[in-house]
Amino acid sequence: MEDIRINDLSFAYEGGEKLVLKDINARIEAGEFICILGQSGCGKSTLLRLLAGLERPSSGEILIGERPLKGASLDRGVVFQDYGLFPWMTAGENIMLALRQRFPKKSKQELKKAAVDMLVQVGLGEEVYKKLPKELSGGMKQRCAIAQAFSMDPPILLMDEPFGALDAVTRARLQDLVLKLWAQDSPRKTVFFVTHDVDEAMLLANRILVLGQSPSNIIYQCRIPEEERPTRENQFENPKMLKLRTELIRQINQDVARHI
C-alpha cells in the first residue's frame with residue numbers, strides 16, 4: 001500500500017486545444033476513501049481515467065509510491081456506472097476472467113471458490129454465478145461488478161458514479177456494502193469514488209476533493225475524521241456535518257456562477 005501523488009496534472013483530449021483538467025495537485029494517503037465531487041462535465045471521470053491509466057496526462061504526472069503511473073494495471077480495479085460486464089458471459093465467468101489475469105498461478109477450483117465467496121459476500125446467492133447479466137436487475141449487476149473488483153484485491157479501487165443509475169433504496173444498500181467491504185479490509189484499499197451527489201460524498205468519504213468547472217482544478221477539499229463520520233441515521237442532524245454540507249454546496253455554486 002503506497003501513497004499517491006498527483007503533480008501539476010493537466011489534460012486535453014488528443015486534437016483538442018481546450019484543457020479539461022489544469023494544474024491538479026494532491027497527495028493521497030494509502031487507505032483513504034476519496035470522493036471526487038463536482039458538477040456533471042467538470043472532468044471527474046477524466047481524472048479517474050487518468051488514475052486508471054486509460055488516458056495519459058498532457059503534462060504533469062501521477063506517482064504511486066515513487067513510480068510514475070504508466071498505463072492500466074491489475075493493481076487498480078475499476079467499477080463503472082454501466083457495470084462493465086460482458087453480456088455473453090455469466091456473472092461467474094466475468095469474475096473468473098478478471099481473477100485468472102490477477103492470479104494466474106491459482107487453480108480453476110481456487111478461483112471459482114473465490115468468485116462464489118465474493119458473490120455471497122456482496123449479498124448474492126451462489127446461483128447467480130451461472131446467470132447472464134440480462135437475467136439480473138441493475139442492482140444485482142452492480143453487485144457483480146463490485147464483487148469482480150474486490151475479488152481481484154487491488155490496493156487501489158476506482159469507482160465512476162457506480163450507483164448513479166440505481167433507485168434510492170438499492171443505491172443506499174450498495175453504498176453501505178462498499179463502506180463495509182472497504183472498512184473490513186486490512187490494509188484498507190485506497191478508493192477514488194466519483195459522484196456529483198454531496199450527500200453521497202459525505203456518507204462515504206473520509207476526504208472530499210471538489211473539482212471546479214472546466215478546465216478543472218481542485219477548488220476545495222476537506223477531511224472527515226473517523227470519529228466524526230456521519231451515518232445514514234444522523235447525517236442530517238449533526239450540526240458540524242450540516243455546516244460542511246452547506247459549504248460544499250456553496251463552493252460548487254460559487255464556482256458555477258463564476259463561469260456563467
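Partly exposed, the label Arg223 will get below, sits between buried, under 20% relative accessible area, and exposed, over 50%. Keep that in mind for these close-ups, which come from a predicted model.

**View 1. Glu32 and Arg223 meet in a salt bridge.**
Here the two side chains come to 2.6 Å, N to O. Glu32 sits in the loop between strand 2 and strand 3, while Arg223 belongs to strand 10 (residues 218–223), so this pair ties together parts that are 191 residues apart in sequence. How exposed is Arg223? With 48% relative accessibility, Arg223 counts as partly exposed. Its partner Glu32 is buried, at a relative accessible area of 6%, because the cut-off for buried is under 20%.

**View 2. Arg49 pairs up with Glu55.**
The side chains of Arg49 and Glu55 form a salt bridge too, at 3.3 Å, N to O. Arg49 has a relative accessible area of 31%, so it goes down as partly exposed. Now back to the pair from View 1: salt bridges with shared partners link Glu32 and Arg223 with Arg207 in one network.

**View 3. Arg27 reaches Asp3.**
This is a salt bridge as well, with 3.5 Å from N to O. Arg27 is part of strand 2 (residues 21–28) and Asp3 comes in the segment before strand 1, so the bridge ties together parts 24 residues apart in sequence. Both ends get the partly exposed label: Arg27 has 46% relative accessibility, and Asp3 has 27%. How many salt bridges turn up in a search of the whole structure? The count is 19.

**View 4. Leu209 is tucked into strand 9.**
That strand covers residues 207–211. Is Leu209 buried or exposed? It is buried, with a relative accessible area of 4%. Setting aside neighbours within four places in sequence, Leu209 is in contact with Ile28, Ile34, Cys35, Ile36 and Leu37, and also with Ile218, Tyr220 and Gln221. As for Phe163, its C-alpha is 19 Å from the one in Leu209, and the two residues are 46 apart in sequence.

**View 5. Arg100, Lys108, Lys112 and Lys130 form a positive surface patch.**
Let's pick out one member, Lys112. You'll find Lys112 in helix 3, which runs over residues 108–121. Lys112 is partly exposed, with a relative accessible area of 37%. Its companions in the positive patch are Arg100, Lys108 and Lys130.

Notes:
Residues are numbered from 1 along each chain as its sequence is written. This is a predicted model: local features need pLDDT of at least 70, side-chain atom pairs count only at pLDDT 80 or more; totals for chains, interfaces and linings use all residues. Side-chain values use heavy atoms; hydrogens and water are left out. Helices (H or I, at least four residues) and strands (E, at least two) are DSSP runs, numbered from the N terminus. Buried means under 20% relative accessible area, exposed over 50%, partly exposed in between (1.4 Å probe, protein chains only). Contact means heavy atoms within 4.5 Å. Patches are made of residues with over 30% relative accessible area and no salt bridge: like charges are joined within 9 Å, nonpolar side chains (Val, Leu, Ile, Met, Phe, Trp, Tyr) within 5 Å. Accessible areas come from the Shrake-Rupley method with a 1.4 Å probe; for residues, only the protein chains shown count as cover. A salt bridge is a side-chain nitrogen of Lys or Arg within 4 Å of a carboxyl oxygen of Asp or Glu. Lys and Arg count as positive and Asp and Glu as negative; His and the chain ends are not counted. The place of a charge is taken as NZ of Lys, CZ of Arg, CG of Asp or CD of Glu.
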